[in-house]
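Colleague: Please take a close look at the space left inside this model, at one cavity in particular. Then go over some single positions and the confidence scores.

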Amino acid sequence: MPKPKILSRYIGDRKFYHTVLAVALPMIIQNGITNLVNLLDNIMVGTVSTAAMSGVSIVNQFVFIFNLLVFGAVSAAGIFTAQFHGLGDVEGVRHTFRFKILINLLAGTLGVIAFAAFDDQLIQLFLQMESDASELSPAEALFYGKQYLWPMLIGLIPYAISQAYASTMRETGQTVVPMIASSSAVVTNFVLNAVLIFGLFGAPALGVMGAAIATVVARFVELSILILWGHSHKEKCPYLVGAYRSLYIPHTLFGRILAKGLPLMANEFFWAIAITLRNQSYSTCGLEVVAAQNIAVTIINLFSVVYMSLGSAIAIVVGNQLGAGEIEKAKDTDRKMIAFSVTCAAGIGLFLMGLAQVFPLIYKAPDNVRSLATYMIVVTGCALPFFSYAHAAYFTLRSGGRVGITLLFDSVYMWSIVIPTVTLLANFTSISIYALYIAGTLAEMLKCIFGFIFLRKINWARSLVAKKN
């Protein structure tokens with residue numbers, strides 16, 4: 001029995017979902033394993049003390065900014081990579097890969113310098129409130145944060161380079177290898193965490209520093225797998241043939257990538273800063289908020305990988321179709337992928353709400369921290385379908401090179417709506433963290449309205465690469 005016309009606009013056939021999942025599933029598995037290990041790492045660090053967990057969480061807020069800056073850098077060239085691949089232009093893909101390597105090396109170097117120069121100042125942004133509970137001491141959190149940060153600096157550059165390889169592989173259809181590399185890295189990270197945090201098998205018990213060392217080793221494992229596989233399978237990665245013979249990138253293409261790249265990098269950077277400032281505003285209600293949010297975000301991220309990966313898949317699948325000149329097909333694919341992503345997010349949100357009271361019990365934390373974490377999980381679970389739509393809209397606009405609109409839609413929205421809302425409420429009212437968290441979440445949910453308007457009113461479906469004669 002044929003589907004009604006309205007349903008056929010939003011629901012694809014079996015072949016459609018096979019194509020989508022072929023791209024998205026490896027990313028879901030990869031990100032799922034990563035977040036599962038992050039969850040287990042979090043629990044292990046939490047056994048040291050709640051202050052240790054808070055210190056590590058604060059440092060990871062700033063590593064998050066760096067990671068998104070790298071993501072913005074590879075995403076700019078990635079728009080062209082996906083479309084060049086759809087066009088069958090290997091040389092074009094090779095040029096975009098070189099761009100990613102150069103810009104990520106620069107980003108990694110600047111990241112190391114910035115974190116080394118401002119370590120105390122950055123961590124102390126989240127340590128404004130004193131606490132009577134010794135395990136939530138700001139001084140302890142600062143100590144553990146610095147102990148975790150310095151070894152982590154060694155891993156920034158290898159992480160940046162691995163993203164250049166992994167993103168190019170995904171954009172050219174090789175999604176399984178980055179999944180294997182990332183999975184190998186997180187397993188390495190987990191095993192070394194257990195050994196180095198607790199001092200198993202005769203190793204020294206290094207606590208928080210052991211967690212950082214394990215992460216750095218994992219970064220090198222991931223990079224090694226990507227490099228070795230890519231350069232030994234040049235029939236599947238032809239763009240790596242001669243990739244390092246020179247650093248030549250045609251100046252016109254370089255300029256076009258930079259024109260798209262600077263807004264994307266600015267967007268990721270300012271969006272990440274906004275998220276950090278939002279969390280910092282929450283932390284003014286007490287250091288226990290940092291611990292509670294760390295617990296909540298860990299479990300939320302574990303299950304949000306489905307809609308997050310589907311968003312990334314939109315950029316690849318739709319980008320390939322746009323590069324091949326299949327404009328109407330790209331629009332149809334995008335509409336159905338968004339519907340699929342939102343449906344998945346709704347199911348995940350319900351599951352999270354059901355799990356909300358159980359998960360915080362795993363942690364060695366005070367009852368007020370667990371209670372607040374439960375509340376945050378429930379609120380976010382309700383908001384996930386809206387977050388999913390906004391996330392998919394962002395990648396849709398990006399797939400067609402509408403980077404100026406993505407900047408307006410993403411970071412400008414955060415700075416003009418979300419940040420003023422939470423900052424003013426946190427600093428000029430006596431609002432509780434429960435009401436403040438609701439206000440911040442509602443402000444972020446409203447973003448999907450602008451996403452709906454942009455997708456309907458703006459011609460986002462454009463090919464950015466020209467077919468060679």
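Modeller: The lining of the second largest cavity consists of five nonpolar residues, two polar and one charged. Here Ala, Val, Leu, Ile, Met, Phe, Trp, Tyr, Cys and Pro are classed as nonpolar, Asp, Glu, Lys and Arg as charged, and the others, Gly among them, as polar. This is a predicted model, in which local features need pLDDT of at least 70 and side-chain atom pairs count only at pLDDT 80 or more, while totals for chains, interfaces and linings use all residues. Residues are numbered from 1 along each chain as its sequence is written, and side-chain values use heavy atoms, with hydrogens and water left out.

A probe the size of a water molecule, rolled over the atoms, shows where empty space remains. A cavity is a set of points, on a 1 Å grid over the protein atoms alone, where a 1.4 Å probe fits but cannot get out; lining residues have an atom within 4 Å of a point. Points are joined across faces, edges and corners, and volume is the space filled by probe spheres set on them. Three cavities of 30 Å³ or more are found by this rule, and the second largest has a volume of about 40 Å³. Its lining is made up of Val 63, Met 152, Gly 155, Leu 156, Tyr 159, Thr 215, Val 216 and Arg 219. Helix H7 (156–171) and helix H9 (208–232) are the elements that each give two or more of these residues, with H9 contributing the largest share, three residues. Helices are DSSP runs (H or I, at least four residues) numbered from the N terminus.

H9 also leads to the next position: Gly 242 is in the loop between H9 and helix H10 (251–283). Gly 242 is buried at 16% relative accessibility, where buried is under 20%, exposed over 50% and partly exposed in between (1.4 Å probe, protein chains only). Residues up to four places away in sequence aside, Gly 242 touches Arg 94 and Arg 98, and contact means heavy atoms within 4.5 Å. Along the chain Gly 242 and Arg 94 are 148 residues apart, yet their C-alpha atoms are separated by 8.6 Å.

Lys 336, in helix H12 (residues 327–355), is buried because its relative accessibility is 11%. Beyond four places in sequence, Lys 336 contacts Ser 8, Arg 9, Tyr 10, Ile 11, Gly 12 and Phe 16.

Thr 441 belongs to helix H15 (residues 433–445) and is buried, with a relative accessible area of 6%. Its contacts beyond four places in sequence are Tyr 282, Val 379, Ala 383 and Phe 387.

As for cysteines, the whole structure has zero disulfides, a disulfide being a pair of cysteine sulfur atoms within 2.5 Å. The sulfur nearest to that of Cys 382 is that of Cys 448, 14 Å away. Cys 382 is partly exposed at 42% relative accessibility, whereas Cys 448 is buried at 13%.

Finally, confidence: pLDDT, the predictor's confidence in each residue from 0 to 100, averages 86 over the protein chain, and 95% of the residues score at least 70. Confidence is highest in H15, at a mean of 95, and lowest in helix H1 (residues 5–10), at 73. Over residues 131–135 pLDDT stays under 50, and the model has seven contacts beyond four places in sequence for them.

Technical notes. On a 1 Å grid over the protein atoms alone, a cavity is a set of points where a 1.4 Å probe fits but cannot get out, and a pocket is an open set with protein on both sides within 12 Å along at least five of seven lines; lining residues have an atom within 4 Å of a point.
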